[in-house]
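Please look through the sheets, the helix packing and the ring contacts of the structure shown here. The report below takes these topics in turn.

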Amino acid sequence: MSIISIKSATKRFPNGFEAIKGISTDIAAGSFTVILGPSGAGKSTLLRLMNGLEIPTGGSVHITGETLGKSNLRKTRSRVGMVFQQFNLVERLSVVTNVLTGRLAHRSWLGSVFYLFRNEDMEIAQEALARVGLTDKAWSRADKLSGGQQQRVGIARALAQRPKVILADEPVASLDPVSSEEIMMLLREICDRDGITVVVNLHQVDLAKRFADRIIGMNSGRVVFDGTPSELSPLTLQTIYKRDEIENDTNLDLALAYA
């Protein structure tokens with residue numbers, strides 16, 4: 001059963017740049033999918049189409065059976081948690097308050113404006129912090145945490161939404177190898193234990209092959225590979241990381257090293 005369905009989606013920005021070029025794909029409920037490709041491939045734009053941060057210029061995006069549009073953005077975003085590369089935390093606020101912002105879509109307009117939360121919200125936030133191993137940091141300022149800990153707060157915030165889907169846009173790009181491993185293991189555990197669909201943008205081929213059920217390879221706004229990690233061959237990687245489509249051949253060299 002598909003929880004996300006994308007039909008002939010295109011995305012053209014006002015300056016004329018076409019980031020997504022007629023992509024059609026379905027994401028199965030409860031799956032762990034990695035979108036793999038070089039910088040500029042369109043990975044982030046595709047992910048943003050999945051939660052309404054961008055609206056397709058053409059085609060359509062369907063989440064849990066509903067067509068995503070301006071009229072139902074709030075409802076859709078309440079079902080889709082987002083984890084960002086740069087964490088997107090309010091650094092001056094406590095860890096638990098940052099996690100509580102994941103409950104804003106479930107509050108009234110007035111409650112959202114004044115950060116008014118119920119006891120139920122606090123229980124959900126504390127539960128989410130326990131899941132990511134940060135209960136003892138609940139009342140610390142977010143900017144006092146390490147990068148890996150801050151990304152865990154971002155994941156806890158997504159969990160607090162009680163989402164059907166978690167989208168993670170390059171969640172380990174700013175982290176050291178040990179923290180990257182921990183974050184990927186945490187996302188995989190959430191998928192397996194909670195049945196939450198996880199879609200992760202990555203450029204690290206080794207992590208994609210180790211953690212994904214399915215890999216979607218992108219280049220220049222198009223899907224150029226769609227299969228299992230075992231099907232990701234050196235020839236396929238050359239297609240994903242075309243030398244004439246990227247600025248730095250190092251991307252391809254690193255990718256082939258992990259093929």
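What follows describes a predicted model, beginning with its sheets.

## The mixed sheet

An open sheet of 6 strands, in which the pairing is mixed, follows the order S6-S7-S8-S3-S9-S10. Its edges are formed by strand S6 (80–83) and strand S10 (222–227), each of which pairs on one side only. If direction is ignored, neighbouring strands of this sheet are turned against each other by 20° on average.

Within the sheet, strand S3 (residues 32–36) and strand S8 (residues 197–202) are paired in the parallel sense over 5 bridges. One position in this pairing can be given by residue, since isoleucine 35 has asparagine 201 in S8 as its bridge partner. Helix H6 (residues 147–160) packs on the sheet, where the helix touches S6 and strand S7 (165–169), and the direction of H6 makes about 175° with that of S6.

## The antiparallel sheet

An open sheet is also formed by 4 strands in the order S2-S1-S4-S5, and here the pairing is antiparallel. Strand S2 (18–28) and strand S5 (66–67) are the edge strands, so placed that each pairs on one side only.

Strand S1 (residues 2–12) runs antiparallel to S2, and the two are joined by 8 bridges. Isoleucine 4 stands opposite isoleucine 27, a residue of S2.

## Helix packing around H6

How do H5 and H6 cross, and at what angle? The axes of helix H5 (residues 119–131) and H6 come within 8 Å and cross at roughly 135°, and the two helices are therefore oblique to each other. The crossing of H5 and H6 is right-handed. On the H5 side the residues that meet H6 are Ile124, Ala128, Leu129 and Arg131, while their counterparts in H6 are Ala156, Leu159 and Ala160.

H6 also packs with helix H7 (residues 177–194), at an angle of about 15° and with the axes 10 Å apart. Because angles under 35 degrees count as roughly parallel, H6 and H7 are described as roughly parallel to each other. The crossing of H6 and H7 is right-handed. H6 contributes Gly148, Gln151, Arg152, Ile155 and Leu159 to the contact, and H7 contributes Ser179, Glu182, Ile183, Leu186, Leu187 and Ile190. Leu159 of H6 is thus listed in the contact with H5 and in the contact with H7.

## Aromatic rings and charge

How many aromatic pairs does a search of the whole structure find? The search finds 0 aromatic pairs. A charged group is nevertheless placed over a ring, for the charged end of lysine 11 sits over the ring of phenylalanine 13, at 5.4 Å from the centre of that ring.

Definitions and conventions. Residues are numbered from 1 along each chain as its sequence is written. This is a predicted model: local features need pLDDT of at least 70, side-chain atom pairs count only at pLDDT 80 or more; totals for chains, interfaces and linings use all residues. Side-chain values use heavy atoms; hydrogens and water are left out. Rings of Phe, Tyr and Trp (its six-membered ring) pair if their centres lie within 6.5 Å; planes under 30 degrees apart count as stacked, over 60 as edge-to-face and the rest as tilted. A charge sits over a ring if NZ of Lys or CZ of Arg is within 6 Å of the ring centre and within 35 degrees of the ring normal. Axes are lines fitted to C-alpha atoms, for helices over the stretch in contact, and angles run from 0 to 180 degrees between N-to-C directions. Contact means heavy atoms within 4.5 Å. Angles under 35 degrees count as roughly parallel, over 145 as roughly antiparallel, 65 to 115 as roughly perpendicular and the rest as oblique. A crossing is left-handed if the near helix is turned anticlockwise from the far one by less than a right angle, and right-handed if clockwise.
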